[in-house]
Amino acid sequence: MSPFVVGITVFVLAAFVGFEVITKVPPTLHTPLMSGANAISGITIIGAITAAGLDAGSAVQALGFLAVVTATINVVGGFLVTDRMLEMFRRPRERVRDDA
Amino acid sequence: MIALLYLGSSIAFIVGMRRLGGPRTARSGNRIAAIGMLAAIVITLVNEEIASWGTVVAGLIVGTILGIWAAVRVKMTAMPQMVAAFNGFGGIASALVAAVAVVTSDLSELPLETSVTILISTVIGAITFTGSFIAFGKLQGIITGRPLLFPGQQFINAAIGIGAIGVGIWTLVASEIDGYWILAGMALLIGILAVIPIGGADMPVVISLLNSFSGLAAASAGFVIGNNALIIGGALVGAAGLILTIQMTEAMNRSLANVLFAGFGAADSAGGGTVMSDKPVKRATADDAAIALSYADSVMIVPGYGLAVAQAQHAARKLANALEERGIVVHYAIHPVAGRMPGHMNVLLAEADVPYEQLLDLEQADPQLPQTDVVLIIGANDVVNPSARDDATSPIYGMPIFNVDRAGTVIVVKRSLSPGFAGIDNPLFYMDNTLMYFADAKDALEETQAALLNM
């Protein structure tokens, strides 16, 4: 199989996994779920690092740099803000115990 | 070997996403996904032959600082626009990855499927970028929340869409780099034009859909650089975003096409009319509200975006506590489209330590309303509008609502009689068992609680 066909296969299977994993999520968690998923889509950061690492002139450097910055904002901000939200979903009792 | 290490990251994403779906496991799920991401970044830094470390490290540092700054500062009420902004950054990053692939290689020498995925990654990423920032602007109030419509809009959009396909084919056939840049520009324009005509009340759907798009952009970037971690992560997010999008449109009893293309809530499309606004309403004060509440056995609080705007979630919780001390049963009825993104209201109430068990969704809360003595509506409007049930000419006709008019007494806390985000008048306000309490949500709740203590 060509790499492209393998890629398509992986994509389709992963999409099915996504549908199966997400279908039964309670509405309460929709916002953190979306925000966490959003952070995962920042995986494009791998491509951004590869692009910025190329030594191919200043135009490529500029594009690569922008790609790394924006992807990093997506990843770092996304995971952090999701954690902040989920922190609040803990029961007050748990919070007290943690603080002690 | 390296591919196996990346597979570890992909597994972390799947496990993390699964755990994000359960209240008890969600936080650890997010962290597992984050660790998978960190591992993928480290693998890439070690494995790729990076020629210009300065650019990579500088980019990582700048992005990290900006990301932390945004995530720590954002208020919970502003979460929808924050997610929109992060979406946009992810989208443009994928488009830039594709752009670098074009610039550093010769289109005529690339295999056709690689060229196609480069174009797809660019187009979806660019649409996600501008679309997300228009959504950000609408939610932040920088751009009007009303749909912006102009004559021939759909014709122009269709022409640009077809034109983009033409330019894409030309770029591929002629291996023309200029065509690529024209296509990228058109995609940026399409993102703007696609979101501008959508009303603020429909932004939850738009954000869900753009979330799905940012995943698809990442997946197609994965095809461009030949990395399965991007394909798997992107496909997961694409699927998740799509499911949430469909759930949101179902909660509004509308099709996705209707949300995207109907210009819903535009000034002149509001059926049911504003003619009712002359009718008298029963005005109430804090004392009236407190008296009604104190005689109740059961109270249902219906929060809407007005509660979020007024930062009144803590005041609502305190009033609920005061009622519970009097032996009154209090629940919260959360409509699927309450707030500005799916589950937004739940986050705000969790911030105020409202117990999870008191939050009821539409199917749980609505059957209880006929037995409920007092319904307290705080800054909600369209989700309690009986027009959705009774008036076939109303734009929201058929949307599932809370039938609050079937409860004993309805107290509506609202700043003014102005129609809600969708711009539709609400007959509920003029009914005999409805008391209108015109005030800022937070002030109203605090004053009602004070009045209750004096009784």
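# Exercises on a predicted two-chain model

In chain B, Ile377(B) has Val412(B) of strand 5 as its bridge partner. The structure is a predicted model, and the exercises below begin with the sheet to which this pair belongs.

## Exercise 1. The sheet of chain B

Task: Determine in what order the six strands of the open sheet in chain B are arranged, and which strands form its edges.

Solution.

Step 1. Begin with strand 4 and strand 5 (residues 409-414) of chain B. Strand 4 is joined to strand 5 by five bridges, and the two run parallel.

Step 2. Continue from strand 5 to strand 6 of chain B. These strands are also parallel and are linked by five bridges. Within this pairing, Ile411(B) has Leu435(B) of strand 6 as its bridge partner.

Step 3. Return to strand 4 and go the other way. Strand 1 and strand 4 of chain B pair in the parallel sense through five bridges, with Met300(B) opposite Val375(B) of strand 4.

Step 4. Proceed from strand 1 (residues 298-303) to strand 2 (residues 329-333) of chain B. Four bridges hold this parallel pair, and here the bridge partner of Met300(B) is His331(B) in strand 2.

Step 5. Assemble the order. The open sheet of chain B reads 3-2-1-4-5-6, with parallel pairing. Its edges are strand 3 (359-360) and strand 6 (434-438), each of which pairs on one side only.

In general, strands of a sheet pair through backbone hydrogen bonds, in either a parallel or an antiparallel manner.

## Exercise 2. Burial of two strands

Task: Decide how many residues of strand 4 and of strand 6 of chain B are buried. A residue is buried if 20 or more other C-beta atoms lie within 10 Å of its own.

Solution.

Step 1. Examine the two faces of strand 4 of chain B. On one side Val374(B), Leu376(B) and Ile378(B) are buried, and on the other Val375(B) and Ile377(B) are buried, so that both faces are covered.

Step 2. Count for strand 4. Five of its five residues are buried; therefore strand 4 of chain B is largely enclosed by the rest of the structure.

Step 3. Count for strand 6. Four of the five residues of strand 6 of chain B are buried, so this strand too is largely enclosed by the rest of the structure.

## Exercise 3. Two helices of chain B

Task: Describe the extent and surroundings of helix 13 (residues 313-325) and helix 5 (residues 112-140) of chain B.

Solution.

Step 1. Place helix 13. This helix lies across strand 1, strand 2 and strand 4 (374-378) of chain B, and runs at about 175 degrees to strand 1.

Step 2. Check its span. Helix 13 of chain B has 13 residues and reaches 19 Å from its first C-alpha to its last, close to the 18 Å expected.

Step 3. Identify its buried residues. Among them are Ala316(B), Leu319(B), Ala320(B) and Leu323(B). Just after the helix, Gly327(B) has a positive phi of about 85 degrees.

Step 4. Turn to helix 5. With 29 residues, helix 5 of chain B reaches 42 Å from its first C-alpha to its last, close to the 42 Å expected. Since 23 of the 29 residues are buried, helix 5 is largely enclosed by the rest of the structure. Gly141(B) follows helix 5, with a positive phi near 85 degrees.

## Exercise 4. Contacts between domains and chains

Task: State how many residues take part in the contact between the two domains of chain B, and in the contact between chains A and B.

Solution.

Step 1. Locate the domains. Chain B is divided into domain 1 (74-261) and domain 2 (275-453), with C-alpha centres 36 Å apart.

Step 2. Count the domain contact. In chain B, 19 residues of domain 1 are in contact with 18 residues of domain 2. Helix 8 gives the most to the side of domain 1 that touches domain 2, with four residues. That side of domain 1 consists of 13 nonpolar, six polar and no charged residues.

Step 3. Count the chain contact. Here 76 residues come from chain A and 92 residues from chain B. Helix 4 of chain A gives the most to the side of chain A that touches chain B, with 29 residues. By class, that side of chain A has 49 nonpolar, 23 polar and four charged residues.

Step 4. Consider one residue, Met37(B), in helix 2 (residues 26-47) of chain B. Met37(B) counts as buried because it has 26 C-beta neighbours inside 10 Å. Leaving aside neighbours within four places in sequence, Met37(B) is in contact with Ile43(A), Val75(A) and Ser9(B).

How values were computed
Residues numbered from 1 in each chain as written. Chains lettered and ligands numbered in written order. Predicted model: local features only at pLDDT ≥ 70, side-chain atom pairs only at ≥ 80, totals over all residues. Pairing = 2+ DSSP bridges. Contact = placed C-beta atoms within 7 Å. Axes fitted to C-alpha atoms, helices over the stretch in contact; angles between N-to-C directions. Expected span 1.5 Å × (residues − 1). Buried ≥ 20, exposed ≤ 12 C-beta atoms within 10 Å, placed from the backbone. Domains from an automatic or database assignment. Nonpolar A, V, L, I, M, F, W, Y, C, P; charged D, E, K, R; others polar.
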